[in-house]
Every structure is written in structure tokens, then in C-alpha cells.
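Student: I'm new to this one, and I'd like to learn how to read it. Could you walk me through it, feature by feature?

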Amino acid sequence: MVKHFDPTCPKCKQAFHVHHEDLRNAGVKLLCPYCGERFHVEEADSILEHDGRRWKPGAGARAGQ
Amino acid sequence: MSRLKLEQRQDESLSTHDLRDFIARVEKEGPGELLRIRDEVRPDGFEVTAILANLEERGRYPMVLFERPLNLLGEVSAFPLLTNVYASRTRCAMALGLTPQQHRLDLSMEYSRREARRLAPLALEREAAPVKQVVKTGLQIDLRELPIVRHHKMDPAPYIDMTPVMRDPDQGQYNIAFLRNMYKGPRRLGIHMSPRHNWQICRKYEERNLPTPVVIVVSHHPAFYLGALNVSPFGVDDYELVGSMMGQPLRLVPSETWGKDFMVPADAEMVIEGEIPPGVREVEGPFGEFPGTYGPQRLRWVIDVKALTHRRDAIYQDVFVGHRDNWVLGAIPKEGTLFNRIKGVVPTVKAVHLPNSGTGRFNCYISIDKKVDGESKQAALIALGECDFVKNVFVVDADIDPFDEEQVMWAFATRVQADQDVDIIKNVKGNTLEPSQNDDILTTKMIIDATKPVRRTFASRVEVPKEVREKFRVERYL
């Protein structure tokens, strides 16, 4: 399986799979498949990385936000 | 005069090879194979797949015709929805014109025979093409009028999951493949491609900064889709191969968007024409994929829809991806090809089966009438080398029916010593969607030799004397 990370949507708090190479650093907004919210990776409520590490991006962690 | 009649007769017989012909045959000859659902259902609200999953839980796999599905606007769609067509090998046999009883090795071998042949397509005038009965272009198109299915919980949108066709800009051959198409708007779809044939075609257009023409054949005779899954190399014209699979030339008609430069199947129920703009990528997915697990959200291509053409009373078609509908469809094209390749080296091969338990791809059961120790491994290595989907190969003796999984597991239980009969091969090209793979590309493959050794004694299988069994046929007691 290609590497993926699981961000948790800041709005509905549900996690989904995102392709690491395509989207981890692409700077585009992800689409929550459950509620349709669009958000940057750094705006996720939490992120489960492909290596199993879970972390919570800080509020305003995204540069320029 | 007689010549004209003959031509008319040929034309009549050709025109009958469409989806309706198949549905009628299944309803007539396959009791229980077709389930009609007359209630209103919301395909984009998981209601179609909920019914299919509940049937599956009861071990039922009928082809299901939803007569009143709602479209994405919440209205009863003008298009009935047909799904789960391929969830039974019996129906796949019927799709190739075989008898329902020929659904095992006969089916895969017939597929293999037809895959080796080509039949040139036949061009029709626009007026004679059923798929041109309704033509919509530009702002007339609204994909929300279709009963597009949202399949699984993590899918972000409804998906059209039938076959886009692309045409190679250099050689001119058409390539057909099952690719997922995410609904994004009334005239916009997302499209996912793995680095296979359509991906190569799209890449060529992108390198020239040109849009890639694409035609999604949303609904057609099942033999069309079985043919689409052929394992032929890049460069083979799939329209010719599909003609061979259907047993008649595929009838084509010029597209609305590109005219004779891109022909579309005339007997399809519905086609969508569009262009993939070069260099454009948007988020797409996740999507519940063929292994029964989700593929992740990605940056993928989009399709700007240019035309929608269909029969007046078109039937919309869908595959229940990640379930038996998807697995049987994937297995049949590979079984016949693998059988032929193995036979070239191990002439005593009896049958090859890719079972549903292995998603019709990852597990491969091969039976051989072994004459020499080591033949079993040769057969397994050919299967592994021939098809990158195949991950685990079980080789069994000729007394084991590879289509009967209980028998295969019995051989595994009684004829395998793991330290002697199991081989592990690391760092082989795998499939990016196989969830246990911990590398993007590389996987580990396994050969399980569940055959008896030739050069030493081995416990014989128990048997009740055949002559006594024949005297006591159970029909007398049942």
C-alpha cells in the first residue's frame, strides 16, 4: 500500500486516508469525505502519520495563518 | 435481393448484443439471478450498496435492477440502475454466450481463446446508433440527472466506476480500463489512474500540453466490460479485442466532440465524452477499492464533460467495487491467460483459479498432475511472473479442485510442511492498493506447494469404494 497519513477533520472530527507523497506537503486543501470541509493539513484536528506517530498541529501552525 | 436480406439479418443479430438482450436472457434462463427492486432508493446515500451488502451477508449475489433510483437532484431518475452483474461466474459465462454450467474452467479458457483473437469494429451512421438517441452537449448536460452511486462510508462523493476509453495519440489504438470517476459537478468529474495503459496515453497528451480525450462507457453488454479487463500489452486495440469477446464486431459511431477521430460504442446504453486538461490536478478520494479497503485521497486529474449521449430509455450501470462483483470480474481474464502460460512449461496443469477470498487477484490456486518434483514450483513462478496482482500461489495435485476452496485448504493442511514447502520471495513488484504492503511498490510473494512428493511414499487419501457408491445413489433417498 502506498504510504498514507490520517488527518482528523477539524469540523466533524472524523479521520480519513490521505496519500503521503501527493498531499503531505502539497499545500492544497484536503477534502473531508464525511462532511465536505476543506482544510489544510496543518489545520487538522490531529494527524496520524504513516509511521504510527500521532500529533496535534497547534492552532495557527500553518505559516501565514 | 438475397444479399441485402443477408446483410439485414446480420445487422439484426448484431444489434441484439446489447445489455437488454443479456438482462432478458438472465431473467429467462437464470432463476434467482435477477432481483428487481421497485422501491425508490438513494444511490448517493449508500442505499444501493446497503441492499447489496445485506444480500451479501445472506450469501446472495443476484444482479440487481433498481427500477426507481433517485438521481443526485433527489428526483426519480429516468435511468434504472443495474449493478452486481458480475458477482456470479454463472452470469459471466452467460455474458460470453456459454451455458450457466460452463462457469468454471470452461469460462476462463473461453475468455483466453477470445482474448487471443481480434475482430475489427464496424462503423455505423449516427442515425443507426442507439447511443445517439439522446444527445446533450455543453450546458444541456447535468450529471446530477444520473443515479450515481456512493459506495462506501469514506467515499467523499458518488462515483461512476465503469470504463473510460482513451486513444493513443501515436499509434491510434483505443484502450479501455475500469477507472474510478468522482462526481465533482454537473459537468466535471475526477479521474484516478494508476501507471498503466490509460495513464501512458494521458501522459503523452500532457507532454504535448494537449487535453486528453476520454469517453466513459457507462453502460453496455457485460461482454464489453469483461473484454475491457484483458491483460494484453500496451498497443493492443481494445475495441478489436472487445469485438472478439462479444463474438461480433463492436459497432462504433463518431463521437460528438471529436467526430471520426474518436469513435464510441454505438450499442452502449450511455457514454460521457470529456477532456482531461493538461497539468490540472485536484484532490480526489479516498475511495473504497478492489481489495475491500480504501485507497487514500490523492491529487488526480479532472474531466471536463463535453457531451452525454444515451438511449432514450438507457439503463445506468455500476460495479459494487471491493466486493464479489469486482472480484469475479477481475479473476476471469487472468485465469485463462495464466493457464495457457503455465501449460507451456507444465503441460499437466489442470486448472487455475483466482478465488473471491483473494479478491480475485492476490491468491492463485493451481492444480497440476505432477509427474516430476519441482514442477509445482515452476507453475507457481510463472503465475507470479506473469501477473503482478498475484501474491500467494497455492499449487495442488490433480485430485484437488481449485474451484473448491475447502479442498485447497485440506491439501494445505495435510500436504504442507512449512519449512519445506513454503517459499518466500521478497522485493517483487506488487500493487499499490494492496493494504499489507509496507512499500509503495515492492511486495513479498509466497509459494505454497501443497502437492504430494513424487519420489517418496505419501499417505493416500481415504476413499469409499467407487463401485459401491455407484450402487447407492442418493437420489433414492432424497
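Tutor: Sure, let's start with a term: a salt bridge is a side-chain nitrogen of Lys or Arg within 4 Å of a carboxyl oxygen of Asp or Glu. Here, A:D22 forms one with B:R300, and their closest N and O atoms are 3.8 Å apart. Before we go on, this is a predicted model, where local features need pLDDT of at least 70 and side-chain atom pairs count only at pLDDT 80 or more, while totals for chains, interfaces and linings use all residues. Residues are numbered from 1 along each chain as its sequence is written, chains are lettered from A and ligands numbered from 1 in the order in which they are written, and side-chain values use heavy atoms, with hydrogens and water left out.

Student: How many salt bridges are there between chain A and chain B?

Tutor: The count is two. There are also eight residue pairs in polar contact between the chains, both residues at pLDDT 80 or more. A polar contact is a pair of N or O atoms within 3.5 Å; within protein, one must be able to donate a hydrogen and the other to accept it, and residues adjacent in sequence count only if both atoms are side-chain atoms.

Student: Which elements of chain A supply at least two residues each to the side that touches chain B?

Tutor: Those are β2 (18–19), α1 (20–23) and β3 (30–31). α1(A) gives the most, with three residues. Helices (H or I, at least four residues) and strands (E, at least two) are DSSP runs, numbered from the N terminus. Chain A has one helix and six strands, in the order β-β-α-β-β-β-β from the N terminus on.

Student: How do I read the size of the interface?

Tutor: The size of an interface is often given as the accessible area lost when the parts come together. Buried area is that loss (1.4 Å probe), summed over both parts. Chain A and chain B bury about 1700 Å² between them, with 59% of it on carbon and sulfur atoms. In chain A, the residues that lose the most area to chain B are A:M1, A:H17 and A:P33, together 40% of what that side buries. Going by contact (heavy atoms within 4.5 Å), 21 residues come from chain A and 22 residues from chain B.

Student: What about unusual backbone geometry?

Tutor: Most residues other than glycine have a negative phi, and most peptide bonds are trans. In chain B, a cis peptide bond joins B:G285 and B:P286, with omega about 5 degrees. B:P286 is in the loop between β15 (282–284) and β16 (287–288) of chain B. B:F46 has a positive phi, near 70 degrees, and lies in the loop between β1 (34–41) and α3 (47–57) of chain B. B:N427, not a glycine either, has a positive phi of about 60 degrees, but B:N427 is found in strand β23 (residues 422–429) of chain B.

Student: Is B:N427 buried or exposed?

Tutor: Buried means under 20% relative accessible area, exposed over 50%, and partly exposed in between (1.4 Å probe, protein chains only). B:N427 counts as exposed because its relative accessibility is 59%. B:F46, at 26%, is partly exposed. B:H220 is at 1%, so B:H220 counts as buried.

Student: Where is B:H220 found?

Tutor: Look in the loop between β11 (212–219) and α7 (222–228) of chain B. Not counting residues up to four places away in sequence, B:H220 touches several residues, including B:H17, B:Y225, B:D267 and B:Q317.

Technical notes
Buried area = accessible area lost by both parts, 1.4 Å probe.
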